[in-house]
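Trainee: I'm new to this one. Could you walk me through how the two chains meet?

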Amino acid sequence: MPSLKDLKNRIGSVKSTRKITKAMQMVAAAKLRRAQDAAVAARPYAERMTAVMSGLAAGLDGSDSAPRLLAGTGADRTHLLVVMTAERGLCGGFNSTIVRLARARAGELLKQGKTVKILTVGKKGREQLKRDLASHFVDHVDLSEVKRMGYDTAQGITRDLIRRFDAGEFDVATLFFNRFQSVIAQVPTAQQVIPAHFDATEAASSLYDYEPSEEAILADLLPRSIATQVFTALLENGASEQGARMTAMDNATRNAGDMIDRLTIVYNRSRQAAITKELIEIISGAEAL
Amino acid sequence: MADTMQFDLVSPERRLASVQAREVRIPGADGDLTVMPDHAPLITTLRPGILTLVSAEGATEYAVTGGFAEIGPEGVSVLAERVHVAHEVTRAMIDEMVESAREAHKSAHPDMVDAAAKLLADMEALGLRVAVGGN
């Protein structure tokens with residue numbers, strides 16, 4: 001049976017934990033708003049880009065002049081997994097779900113006898129994958145210095161990807177990130193970016209004149225389109241991270257509250273028990289006289 | 001004939017303009033072009049330069065770097081990698097962009113060296129143009 005003083009200390013410590021988780025939840029809520037706004041603001045660009053790319057790609061599909069970024073290397077041997085996670089923990093299952101998806105994919109590919117390379121973005125994913133897949137790591141992008149997710153970051157990652165692709169380091173690149181659905185639902189997603197893949201639903205390609213040629217535009221736009229996809233993934237991930245953290249911290253705050261209630265009951269009971277005991281001692285002492 | 005068309009200017013990070021425009025002057029990769037309502041459908045890439053938007057409220061100038069413009073029956077949308085309202089552009093921003101273009105030129109693949117040189121020249125021209133226009 002813990003003493004009254006122990007109980008009091010315990011309640012105090014849970015209370016301060018609750019204050020911290022409450023504060024983290026509010027910070028995450030504020031950041032979530034900003035991250036969501038950024039994701040929404042980036043949408044028109046990404047949508048137009050995809051629409052134009054689909055048209056262009058549909059027109060060139062299958063022809064020999066299609067650039068390598070679109071057609072691929074023709075091989076399917078080396079896969080690069082770009083695993084995007086957060087720099088910080090304390091955000092529920094956010095990092096684990098991405099890592100789990102990436103790990104499953106890596107296992108599958110290895111079983112098929114393919115070569116797997118892993119590029120990690122964000123520290124947490126790297127830490128979790130280090131245990132069993134460290135030998136597949138090729139590089140790491142550190143986001144801890146990035147205050148606000150900008151297009152520059154996405155461009156940097158894309159340049160690196162394309163450089164590696166041109167150097168023949170991989171055949172297929174896939175992004176792993178969490179797609180933001182709502183504050184409580186984030187969907188881990190795998191998206192292939194190289195070779196670029198577009199749903200050729202829009203056959204508007206023939207409608208347009210192209211200046212310069214169709215091929216030149218496609219060659220110019222492909223890297224931009226990949227950068228846009230990376231950027232979208234980063235933003236979705238950013239919003240998901242804050243959403244996941246907010247939910248996790250909300251739960252933690254509530255749990256701390258429950259714990260405080262339970263501990264307070266125990267504390268009051270023990271105090272009452274001590275008082276009763278003392279009274280009994282006094283009364284029985286008086287009776288003995 | 002309609003005398004205005006829908007004009008959208010978006011960068012990856014935000015939408016900068018979405019207005020009814022009378023005409024838009026676009027720095028296309030193969031030369032400048034002016035788009036007026038009912039222009040033939042066209043997709044063109046951009047070179048770094050000044051994009052001028054003429055709407056009912058007057059003309060607005062934007063400094064844009066690479067990207068592309070899609071001119072369709074319902075209007076024009078310009079997707080530019082970096083966009084700034086021209087009079088907000090500072091010397092430092094131009095210097096930085098020229099510097100990065102110069103870097104790209106230096107490290108460019110032999111096949112790409114012409115394109116990189118053109119990019120650099122366009123950047124410098126853009127810098128001059130902005131410097132003359134204000135600041």
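**Where chain A meets chain B**

Mentor: Chain A and chain B bury about 2200 Å² between them, 60% of it on carbon and sulfur atoms; buried area is the accessible area (1.4 Å probe) that two parts lose on being put together, summed over both. Bear in mind that this is a predicted model, where local features need pLDDT of at least 70 and side-chain atom pairs count only at pLDDT 80 or more, while totals for chains, interfaces and linings use all residues. Residues are numbered from 1 along each chain as its sequence is written, chains are lettered from A and ligands numbered from 1 in the order in which they are written, and side-chain values use heavy atoms, leaving out hydrogens and water.

Trainee: Which residues in chain A lose the most area to chain B?

Mentor: Three residues stand out, together making up 31% of what that side buries. They are Tyr45(A), Tyr208(A) and Glu211(A).

Trainee: Which residue of chain B does Arg224(A) form a salt bridge with?

Mentor: A salt bridge is a side-chain nitrogen of Lys or Arg within 4 Å of a carboxyl oxygen of Asp or Glu. There are two between these chains. For Arg224(A), the closest N and O atoms are 2.8 Å apart, and the partner is Glu81(B).

Trainee: And in β4(B), what is the bridge partner of Asp209(A)?

Mentor: Strands (E, at least two residues) are DSSP runs, numbered from the N terminus, and two strands pair if DSSP finds at least two bridges between them. Here β6(A) and β4 of chain B, residues 42-46, pair in the parallel sense over three bridges. The partner of Asp209(A) is Leu42(B).

Key. Helix = DSSP H or I, 4+ residues; strand = E, 2+ residues; numbered from the N terminus.
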